[in-house]
Amino acid sequence: MLVDTGTVERIPHACHHGRSGDGCADCKVRLISVCSVLALAELEELEALSHHLTLDKGQTLFGQGEPAGSVYNVIDGVLRLTRLLPDGRRQVMGFALPGDFLGLALQERYSVSAEALGPVETCRFGREDFAEVMAFKPHLLKSLHERAGYELNLAQEQMLLLGRRTAEEKVVAFLLSLRDRYARTGHASVTVELPMGRQDMADHLGLTIETVSRMLSRLDRAHAILLVPGGVRLLDLPRLERMAAS
């Protein structure tokens, strides 16, 4: 069920990331979100503009081609970003993690669909309201530009993934990239959670689901990784990093 709880209780800023009395002061993604550059007094200005949205697994935050009337800051959970190609095939463009900001390009229509892979929490802002606030806060605009640069880097990495790498190298590079992104959210670990299914990975890497499963099994047999419930454990990082750098 998609729940819009509106502004709910008054807290010192808009994002509603934390549910404690200190609100965003305790937010687990505040330091990596675009609003990290705002002082608490400035965050209060966004309070009246924000809505706390929760999604259940399988629910869509927005669909490809829909009017882009809102922008979103991901608080918790993972979203799958997909694009339907003209021939009917699905391309998984990426996965949005906590701290990611969606709708940054401020396009007239969303170019992808965003679907929850599990329970998801976001802060939603009306596009025009957010753009107006941004126009008067150059440090927020700078933060958004930095975020755009980060997303461009992810897009370039995706192009490399779909390039001349072997299937095994693609899978390894994906796992290491996901590990680095989790570390950015404060969840550094040799165990990489995989909320997405094998088909999602295949559609993201330009492979078949059979190939993805075979590559993971091969890496497991070679003791480079260990397949565990809900993810993989990276056992031989030097070897994996050499493969990803190929």
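Let's start at helix α6, residues 209-221: its 13 residues reach 18 Å from first C-alpha to last, close to the 18 Å expected at 1.5 Å a residue. Keep in mind that this is a predicted model.

Which residues of α6 are buried? They are T211, V212, M215, L216 and L219. Look down the axis of α6 and these buried residues fall within an arc of 130°, so they line one face of the helix. The general background helps here: an α-helix has 3.6 residues a turn, so residues three or four places apart point the same way. Swing round to the other side of α6 and you'll find E210 and R221 exposed.

What do the buried residues of α6 pack against? Their partners are three helices and a strand: α4 (167-184), α5 (198-205) and α7 (237-244), plus β11 (225-228). Just after α6, have a look at the backbone of H223, where phi is positive, at about 60°.

From here, step into the largest nonpolar core, which has 31 residues. The members that touch the most others are V171, F174, L178, L194, M196, L219 and L240, and L219 is also one of the buried residues of α6. Several elements, namely β6 (90-96), α4, α5, α6, β12 (231-234) and α7, each supply at least two residues of this core. The largest share comes from α4, with eight residues. As a general matter, nonpolar side chains in soluble globular proteins tend to be buried together.

M196 is a handy place to pause in this core. Leaving out residues up to four places away in sequence, M196 touches F95, L117, F174, L178 and M201. Two of these contacts, F174 and L178, are themselves on the list of core members that touch the most others. Apart from this core lies another, of 16 residues, with L79, A96, L102 and A114 among them.

Now for the aromatics. A search of the whole structure turns up three aromatic pairs. In one of them, the ring centres of F62 and Y110 are 3.9 Å apart and the planes sit at 20°, so the pair is stacked. This pair links distant parts of the chain: F62 belongs to strand β3 (residues 60-62), while Y110 is in the loop between β7 (101-102) and β8 (113-116), 48 residues apart. Are F62 and Y110 buried or exposed? Both are buried. Add Y72 and you have the full group, since F62, Y72 and Y110 form one aromatic cluster.

Note on methods:
Residues numbered from 1 in each chain as written. Predicted model: local features only at pLDDT ≥ 70, side-chain atom pairs only at ≥ 80, totals over all residues. Heavy atoms only, no water. Helix = DSSP H or I, 4+ residues; strand = E, 2+ residues; numbered from the N terminus. Expected span 1.5 Å × (residues − 1). Buried < 20%, exposed > 50% of the residue type's maximum accessible area, 1.4 Å probe, protein only. Arc of directions from axis to C-beta. Contact = heavy atoms within 4.5 Å. Phe/Tyr/Trp six-rings, centres within 6.5 Å; stacked < 30°, edge-to-face > 60°. Core = buried A, V, L, I, M, F, W, Y, C linked by side-chain atoms within 4.5 Å.
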